[in-house]
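Visitor: I would like a close look at a single part of this model, taken slowly. Please show me the structure before we begin.

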Amino acid sequence: MTFFATADAFTDALHSLPAPDLSASAAAEARQAQLTKPAGSLGRLEEIAVFMAQWQGNPRPRADRIAAVIFAGNHGCAVQGISAFPPEVTEQMVANFRDGGAAINALTHACGASLDVIALDLNRPTADISYGPAMSEGECLDALNSGAAAVSGECDLLLPGEMGIGNTTPAAALCAASFGGGAASWVGRGTGVDDATFARKRHLVARALVLHEQHCTSAFEALRRLGGREIVAMAGAMLAARQKRIPVMLDGFIACSAIAPLAREVPGIVDHCLAAHQSGEGAHGRLLAALRLQPLLALDMRLGEGSGAAVAAQIVRSALSAHDRMATFAEAAVAGVP
Ligand SMILES: Cc1cc2ncn([C@H]3O[C@H](COP(=O)(O)O)[C@@H](O)[C@H]3O)c2cc1C
Ligand SMILES: O=C(O)c1cccnc1
């Protein structure tokens, strides 16, 4: 199904985002004020309940149907040796996801989420971003549409994840093109690369920026030139979720890099997103700050796959359980504020 027929259609969608339902959030805030606890004592759990209410348009929001979707893609630049693992691991991990053996399988099981795995042309890597654009316009649109098509309307919370050996490199390039600072500010150790590989990554991103940075005048063009199919698909899924008012739990550095060019163009695109955690990838803290998001967790995870999002989804479930199940002062006959 085609959600974005052209680059302009994608840009138009980005510039006409639905607003939150403020009557639902006001009703949720009013309920929080009546629950049997001192005001504010559940801290950010209270904010999460109100956040979920305003996007679901429901003063008693639900987290029964949590959907994780992993997008997988391969990267032309991976042949330069920029990961601690070889590119064939992308496809092998897709098989592992389908067999149920990966971290994300265990973590979605723990939080009660469904898991879809969408492999995007794994035998056709993107072009090397240090030599030219990663994708043609048509290829970029295909990836955006694959992402958008993966978002079911029957979903309370979306957890976009990714798998793509080498993808911390295009992710760093997207961050630099979106927020400045150059390669040195954004390139990190990914799967745990040694010093020589780290230097190669920085060099590759610096070259890609020389080639593309001045042409990244729109979110679409940044995604097309510097992204990868799985990264672009996450961006498409995040935008489609917003169009359906489905809240999104952002995972680590790579998931956040997907929304970075969109946020540079329209900062409010992150309003329906929560940041699950601060990843161990060095630049993730800087990226969260640029997106103006406060992570829920800091567990030194640095995996991707949507793993941090699946852990943080349990916090959302806790927040909504308290919001829905607690008694009010009146119901419990507890003396409230005089
Ligand atoms: C076995 C394995 C499972 C993974 N699951 C996620 N990633 C993560 O590591 C990759 C990014 O790091 P880099 O840029 O250094 O290649 C992505 O595939 C990301 O999802 C994995 C990596 C490996 C090796
Ligand atoms: O934060 C992430 O998303 C991440 C970091 C390192 C490797 N893979 C993913």
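Visitor: How many nonpolar, polar and charged residues does the shell around ligand 1 have, and which residues are the closest?

Guide: By class, the shell around ligand 1 has 8 nonpolar, 9 polar and 2 charged residues, in what is a predicted model. Altogether 19 residues surround the ligand, and the closest of them are Ser83, Thr168, Gly190, Thr191 and Gly304. Turning to the elements behind this shell, helix α4 (88-99), strand β3 (157-163) and helix α7 (168-179) each supply at least two of its residues.

As for how far the prediction can be trusted, the protein has a mean pLDDT of 98, with 99% of its residues reaching 70 or more, and the predictor assigns the complex an ipTM of 0.99 together with a pTM of 0.99. Where pLDDT is low, the predicted coordinates should not be read in detail.

For a second view of the same model, one can turn to a pair of helices. Helix α10, residues 219-226, packs with helix α12, residues 253-265, at an angle of about 155°, and their axes are 8 Å apart. Because angles over 145 degrees count as roughly antiparallel, α10 and α12 are roughly antiparallel to each other. The crossing in which α10 passes α12 is right-handed. On the α10 side the contact is made by Ala219, Ala222 and Leu223, while α12 contributes Pro261, Leu262, Arg264 and Glu265; by class, this contact has 5 nonpolar, no polar and 2 charged residues.

Note on methods
Residues are numbered from 1 along each chain as its sequence is written. Chains are lettered from A and ligands numbered from 1 in the order in which they are written. This is a predicted model: local features need pLDDT of at least 70, side-chain atom pairs count only at pLDDT 80 or more; totals for chains, interfaces and linings use all residues. A residue is near a molecule or strand if its C-beta atom, placed from the backbone, lies within 6 Å of it. Helices (H or I, at least four residues) and strands (E, at least two) are DSSP runs, numbered from the N terminus. Ala, Val, Leu, Ile, Met, Phe, Trp, Tyr, Cys and Pro count as nonpolar, Asp, Glu, Lys and Arg as charged, and the others, Gly among them, as polar. Axes are lines fitted to C-alpha atoms, for helices over the stretch in contact, and angles run from 0 to 180 degrees between N-to-C directions. Angles under 35 degrees count as roughly parallel, over 145 as roughly antiparallel, 65 to 115 as roughly perpendicular and the rest as oblique. A crossing is left-handed if the near helix is turned anticlockwise from the far one by less than a right angle, and right-handed if clockwise. Two residues are in contact if their C-beta atoms, placed from the backbone, lie within 7 Å. pLDDT is the predictor's confidence in each residue, from 0 to 100.
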